[in-house]
Structure formats: C-alpha cells, structure tokens
Amino acid sequence: MLQPGLKRRLTRVFVSAAAVAALGASSALAAPAVVAEPSATAIPGVDEIVHSPNLRSIANVPQQGPFTKDSTGTDIAFTKGHAIIGTYDGFNVYDVRNPYRPKIVSQVLCPGGQNDVSISGDLLFLSTDASRSDNSCNSVSKPASDKTSWEGIKIFDISNLAAPKYVAAIETDCGSHTNTLVPDKRGKDVYIYVSSYAPAANLPDCQPPHDKLSIIKVPVKDPAKAALVATPVLFPAEDGGGNPGGTNPDGTRRSATTGCHDLTALPEKDLMAGACMGDGVLLDISDRLKPRVLNRVQDNVNFAFWHSATFNNDATKIVFTDELGGGGMATCLEKFGPTRGANGIYQITGRGDDRKLEFVSYYKIPRLQSETENCVAHNGSLIPVPGKDIMVQSWYQGGVSVWDFTDAKNPKEIAFWERGPLSNEKLVGGGTWSAYWYNGHIYSSDIVKGLDVLDLNDWRTFPAKLVRQNQFNAQTQYKLHPGFNK
C-alpha cells in the first residue's frame with residue numbers, strides 16, 4: 001500500500017555494476033545495531049533490535065546510489081541467486097549467493113510506485129500504480145484525471161543482471177498495484193494477472209465499478225509483443241457485485257470491493273486466491289483467460305482490507321491478510337486486540353466446483369508495538385517444510401514473524417525479529433514490507449533500512465534449508481519436489 005507522506009523522486013538514471021562499486025565506502029554493509037534480549041512486553045528503543053534466540057540478522061545493505069531512505073523499498077522477487085527489490089523509484093538487483101555478504105550489482109531508477117516486481121526466465125515485470133506522463137523511465141507525475149496519463153506494466157530484459165534493459169510497456173485500467181505470473185499450459189507464454197482498484201468517475205482510465213482483472217499475454221521469446229488479452233469480471237452486478245463496504249463494529253471503515261489488491265496462483269492445481277479489498281476469493285484458472293470464482297467470503301466484523309493470500313503446501317488452506325489502516329497505521333496495540341489487522345486462516349473444503357472457503361482462526365503477532373509504529377499483517381511466504389505449514393511474514397515495524405499454522409485452529413509464532421520504532425515522538429512509516437524465504441534464508445525488504453538477511457536456526461524448519469529454487473515469486477506458488485504438494 002502507499003505510505004502517506006513519502007516523497008517520490010522523478011528523475012532517471014541507470015547505474016552499472018561498475019558505478020555501484022565506485023560508491024566505495026557507502027556500499028559497505030551497515031554497522032550492526034544494538035541487539036537486546038527479547039521481551040514479551042517491553043518495546044525496544046529507536047533502532048534497537050530484539051529477536052528470538054532462533055532468528056538473527058546476518059547482513060544489512062542500506063539504500064544507496066540513486067536511491068535514498070525516501071525511496072520506499074517494496075516487494076522482492078528472486079532469480080539465479082539474486083534478489084530484486086522494487087522501490088517507488090525503481091529497483092535494486094542484489095547478489096545474495098553469499099547471504100552473509102549481499103552486494104548490489106545494478107540499480108535502475110524508473111519512478112512509478114509501487115514498482116512491485118516479478119520474474120519469469122530473463123524477464124522482469126514492474127507494476128506502475130502511480131499516474132505518469134508516459135511509459136518511460138523519464139516520466140513525471142501527472143494527474144490520473146488526464147486521459148493522456150499512463151499506468152500499467154513495464155517489462156525489462158534481465159538476462160544480464162548487471163545491466164537490465166527496458167523492453168516494453170502495457171497500459172492497464174487503474175494501473176497495476178501488484179502483478180501475478182501464471183505460465184500457459186504449453187510453456188511458450190506467460191500471463192500477467194494485474195491487480196488494481198480504486199476507480200473514480202473523474203478518472204477516464206479507471207471508471208467504476210472496475211470489478212475486473214487485466215490479463216497480459218507475454219510471448220517469452222518476443223516480449224516486445226506483450227499485449228492485454230482479457231479483462232474478466234469477477235464481481236458482476238447481476239450477481240450482487242463485491243462487498244459494498246461499510247463500518248465494522250469497532251467503528252473502523254471496511255473497504256468496498258472495486259477490484260483486487262493481490263492474487264496468488266497455484267498453477268499446478270489450477271487455483272488462484274484473490275485478496276480483493278472487501279472479499280476473499282477462490283478462483284479456478286484452468287482456462288487461463290477465463291478465471292472462474294468458485295467461492296468468495298467476507299469478514300464484516302474484523303477485516304477492513306483483504307490484502308494478500310498464501311496457500312499452504314497441499315492447497316487445503318489459505319491465509320488471507322487484513323491490512324487495516326493501509327499500512328500506515330499503528331494497529332498492533334491492545335485496543336485492536338488479536339483479530340484486527342491480522343491474518344485469517346481459511347480451510348478449503350469440498351471438491352471441484354463445490355469447493356468452499358471456511359474460516360478457522362486468526363493469527364496476529366503476540367508482541368504489542370508502540371503508537372509511533374505502523375504495524376499490521378503484510379507480505380510473507382511459505383517456508384518449504386514438507387508436512388508442515390510454516391510461514392514467514394512482514395509486519396512493517398512489527399518486524400518479521402515466523403509462525404506455524406499446521407494446526408489451523410491453534411497457530412503459533414515460533415520465531416521473530418524486529419527493530420524498534422523510527423521515532424518515539426511521532427508515527428513515522430517504515431519497517432519490513434516483504435519477508436520471504438529463499439534458498440535457506442529469510443530476505444526482508446525494509447521500507448527505510450534496505451535489505452535485511454536473517455538466518456533461522458530451528459529444528460522445525462531445518463528441512464527447508466535443503467530446498468533450492470532458481471526463481472521465486474511469492475505470488476506464484478510451485479511444487480518443489482515429489483510428494484511436497486499432493
């Protein structure tokens with residue numbers, strides 16, 4: 001989500017690996033912060049680190065080069081031992097083959113928040129959900145009410161990770177807040193499912209009710225020919241439309257459904273989970289261009305904004321997150337309790353077209369945060385442990401939580417790591433935006449502090465240390481080895 005008050009830079013430059021090296025001392029790993037023993041009740045001081053004994057920091061690389069602490073780190077995708085992290089100003093490519101000494105190999109300045117990233121082969125897809133003057137990396141901000149403004153997907157060739165090349169761009173209605181990759185069944189093309197929302201009558205390219213997805217087809221061998229090929233409606237008016245929104249019992253607002261925030265695909269099962277503002281959705285994507293809603297659910301008591309979704313190992317559960325306050329609010333406070341700004345765990349029951357989502361329980365980090373810390377459930381991924389459902393997840397300034405929902409009725413935290421607030425005087429947006437497991441370690445994109453690498457040393461997750469993946473996109477979940485997914 002957009003963080004309030006953060007400045008956007010509006011220039012463009014490509015920084016090569018050689019230029020990054022020339023930055024000298026500024027590219028060194030950050031000095032370790034003070035680490036305190038964990039406490040169930042004490043809130044750490046400014047920039048103080050607390051953690052459970054089984055989760056520790058092994059590296060940090062702050063924002064540098066053309067980016068600053070105001071560049072707002074966002075989502076992460078992985079390829080060939082590299083982590084590519086979006087920022088509102090572009091993206092960074094990190095070599096993480098040695099997780100103890102990650103290093104920047106290239107940076108691309110291409111403003112257009114959020115710049116969420118995903119990867120397929122040698123192609124990188126960048127989401128632009130901020131109205132721009134054109135589709136280039138030289139663009140400047142322009143009102144969405146102007147018909148000539150542009151938002152959508154940009155495509156880069158990353159066959160040379162030290163020098164990414166801009167390939168093409170595709171405009172989509174209401175822009176692209178996030179994007180999800182689904183391969184076609186022949187293996188020749190990849191489809192990008194674009195999530196976007198928040199239409200308004202004065203926005204010519206984002207008209208209400210905007211109850212649809214945008215699907216882009218990318219010919220892998222000729223990505224310059226990528227094109228918008230379908231805009232399926234998920235919440236047709238004749239079926240009652242999406243959640244109309246309203247006020248929850250505690251007085252907080254509940255979002256109306258005007259599109260989806262995030263989609264997570266399980267291609268081998270032909271399934272997709274949609275977090276769509278006021279609705280949680282289970283989709284059949286056996287026909288890639290005609291996704292069908294199998295079931296949708298609402299939580300008009302505790303959820304304010306259905307934000308993201310994660311399947312468990314065998315596609316019998318989905319974890320939906322509620323981003324109460326849009327990511328800019330302190331919701332890890334006693335007054336919000338354990339069910340607001342939390343995860344909702346749902347069981348998938350039935351078979352075929354009769355599959356349903358049934359609520360089981362909530363999970364929220366058990367540590368209270370201060371009123372100056374934005375904290376709410378955010379992006380995470382499954383840790384690949386056969387026979388177990390264990391997830392690592394970002395909570396903004398609530399830090400990184402590792403939690404086990406194998407017993408869906410009794411989810412529990414098994415590890416955590418967090419920094420203290422950025423300020424004790426006022427709420428300053430920051431913290432970890434995305435935390436994902438990749439090839440034996442946890443990688444966290446901190447909005448202000450850059451890349452953090454964490455080492456989890458726990459007997460319950462040890463099998464995951466042996467799993468190796470060439471590429472990883474959290475929103476496209478794959479079978480890892482025989483017997484892993486049933």
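Here is a short chat about some cis bonds, unusual backbone angles and disulfides in this structure.

Visitor: What kind of model is this, and how are residues numbered?
Guide: This is a predicted model, where local features need pLDDT of at least 70, side-chain atom pairs count only at pLDDT 80 or more, and totals for chains, interfaces and linings use all residues. Side-chain values use heavy atoms, leaving out hydrogens and water, and residues are numbered along each chain as its sequence is written, from 1.

Visitor: Which residue does a cis peptide bond join to Pro 208, and where does that residue lie?
Guide: The cis bond has an omega of about 5° and joins Pro 208 to Pro 209. Strands here are DSSP runs of E with at least two residues, and helices are runs of H or I with at least four residues, numbered from the N terminus. Pro 209 lies in the loop between strand S14 (189-195) and strand S15 (214-219).

Visitor: Which strand holds Gln 114, the residue after the cis bond from Gly 113?
Guide: The peptide bond from Gly 113 to Gln 114 is cis, with omega near 0°. Gln 114 lies in residues 114-120, which is strand S9.

Visitor: Is His 210 buried or exposed?
Guide: His 210 sits in the loop between S14 and S15, and its phi is positive, about 45°, although it is not a glycine. Buried means under 20% relative accessible area, exposed means over 50%, and partly exposed is in between (1.4 Å probe, protein chains only). With a relative accessible area of 4%, His 210 is buried.

Visitor: And Asn 439, is that buried or exposed?
Guide: Asn 439 also has a positive phi, near 50°, in a residue other than glycine. Its place is the loop between strand S31 (432-438) and strand S32 (441-446). At 18% relative accessibility, Asn 439 counts as buried.

Visitor: How many disulfides does a search of the whole structure find?
Guide: A disulfide is a covalent bond between the sulfur atoms of two cysteines. Here it is taken as a pair of cysteine sulfur atoms within 2.5 Å. Numbered in sequence order, the bonded cysteines pair as 1-2, 3-4, 5-6, 7-8. The number of disulfides found is four.

Visitor: What is the handedness of the disulfide of Cys 110 and Cys 137?
Guide: The sulfur atoms of Cys 110 and Cys 137 are 1.9 Å apart. Cys 110 is in the loop between strand S8 (103-109) and S9, while Cys 137 is in the loop between strand S10 (123-132) and strand S11 (150-157), 27 residues apart. The torsion about the S-S bond is about -85°, so the disulfide is left-handed.

Visitor: How many residues apart in sequence are the parts tied together by Cys 174 and Cys 206?
Guide: Cys 174 and Cys 206 form a disulfide with sulfur atoms 1.9 Å apart, and with 100° about the S-S bond this link is right-handed. Cys 174 lies in the loop between strand S12 (165-171) and strand S13 (178-183) and Cys 206 in the loop between S14 and S15, so the parts tied together are 32 residues apart.

Visitor: Are Cys 332 and Cys 375 buried or exposed?
Guide: A disulfide joins Cys 332 to Cys 375, S to S 2.0 Å, and with -70° about the S-S bond it is left-handed. Cys 332 has 2% relative accessibility and counts as buried. At 0%, Cys 375 also counts as buried.
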